[in-house]
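This report walks through one protein model. Keep the sequence and the coordinates open while reading.

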Amino acid sequence: MFVRGLVKMMEWLLIAILGMMVILVFGNVVLRYGFNSGIVFSEEVSRFLFVWMVFLGSVLMLRENGHLGVHTITKKLPLAGKKACKLASDVITLACCVLLTMGGWKLVTMNMANIAPVSEIPLGVVFIAVLVCSVGMGVLLLNSIYRLITGQMTEQEMCPDFDDAL
């Protein structure tokens, strides 16, 4: 229930971010070409919002098993082989998330003192998106590993067949 609430919150946050980006960019275009003025911070803030949107969206895609994967060989493996491949994949991805978290923390601490020139937003705030993404993905991967080890994961989840959806 808690995870479902967090997912809903992230989905609404992504909708809000996209809405703000549309308003900023469209408003800036209208003001620039229609009234020969503009929103000074529009480009910079839109770029920061885009970074957040990409990182938050990647967490949601991991939850929905929507990231790109090639299952040509794993589809043909027996159940034990599929489990081994899924476990190896999740553990390697979790290790990457740990590295991303460590690097993201360094980025945040180094850039909190750096201020964006127009919006005056600390750049560390932008890089917090890396931490949110890596920790969120790490939690999802730990849950996936737990479900795989305890036998709660279905074969379809281990090796999804997206051809059926087309």
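Helices here are DSSP runs of H or I, at least four residues long, numbered from the N terminus. By that numbering, glutamate 120 sits in the loop between α3 and α4. The model is predicted.

**Core**

The largest nonpolar core holds 19 residues. Within this core, Ile17, Leu49 and Val59 touch the most other members. Four helices contribute: α1 (2–35), α2 (42–63), α3 (79–111) and α4 (123–149) each supply at least two residues. In soluble globular proteins, nonpolar side chains tend to be buried together.

Take isoleucine 17. Beyond its neighbours within four places in sequence, isoleucine 17 contacts Leu49, Trp52, Met53 and Leu56.

Serine 42 is placed in helix α2. Is serine 42 buried or exposed? Serine 42 is buried, because its relative accessible area is 1% and the cut-off for buried is under 20%. With neighbours up to four places away in sequence left aside, serine 42 is in contact with Leu24, Val25 and Asn28.

**The α3–α4 pair**

Two packed helices are described by the angle between their axes and the distance between the axes. For α3 and α4, the axes come within 8 Å and cross at roughly 160°. Angles over 145 degrees count as roughly antiparallel, so α3 is roughly antiparallel to α4. The crossing of α3 and α4 is left-handed.

Two residues add detail to this pair. Lysine 86 is in helix α3, and leucine 148 is in helix α4. Lysine 86 counts as buried because its relative accessible area is 15%, against a limit of under 20%. Leucine 148 is also buried, at 7% relative accessibility.

Which residues does lysine 86 touch, not counting those up to four places away in sequence? They are Ser144, Leu148, Met153, Glu157 and Met158. On the same basis, leucine 148 touches Lys83, Lys86, Leu87, Met153 and Met158. Leucine 148 and leucine 87 are 61 residues apart along the chain, yet their C-alpha atoms are separated by 7.3 Å.

**Cysteines**

A disulfide is a covalent bond between the sulfur atoms of two cysteines. How many disulfides does a search of the whole structure find? The search finds zero. Cysteine 96 is in no disulfide. The nearest cysteine sulfur to that of cysteine 96 belongs to cysteine 97, 7.1 Å away. A disulfide needs the two sulfur atoms within 2.5 Å, so the 7.1 Å between cysteine 96 and cysteine 97 does not qualify.

Cysteine 85 counts as partly exposed, at 35% relative accessibility. Cysteine 96 is partly exposed too, with a relative accessible area of 46%.

**Positive phi in loops**

Most residues other than glycine have a negative phi, and most peptide bonds are trans. Two loop residues are listed here for their positive phi.

| Residue | Phi | Loop | Relative accessible area |
|---|---|---|---|
| Asparagine 36 | near 55° | between α1 and α2 | 72% |
| Glutamate 120 | about 60° | between α3 and α4 | 60% |

Why does asparagine 36 count as exposed? Asparagine 36 has a relative accessible area of 72%, and exposed means over 50%. Glutamate 120 is exposed as well, at 60%.

How values were computed. Residues numbered from 1 in each chain as written. Predicted model: local features only at pLDDT ≥ 70, side-chain atom pairs only at ≥ 80, totals over all residues. Heavy atoms only, no water. Core = buried A, V, L, I, M, F, W, Y, C linked by side-chain atoms within 4.5 Å. Buried < 20%, exposed > 50% of the residue type's maximum accessible area, 1.4 Å probe, protein only. Contact = heavy atoms within 4.5 Å. Axes fitted to C-alpha atoms, helices over the stretch in contact; angles between N-to-C directions. Parallel < 35°, antiparallel > 145°, perpendicular 65-115°, else oblique. Left-handed = near helix turned anticlockwise from the far one by under 90°.
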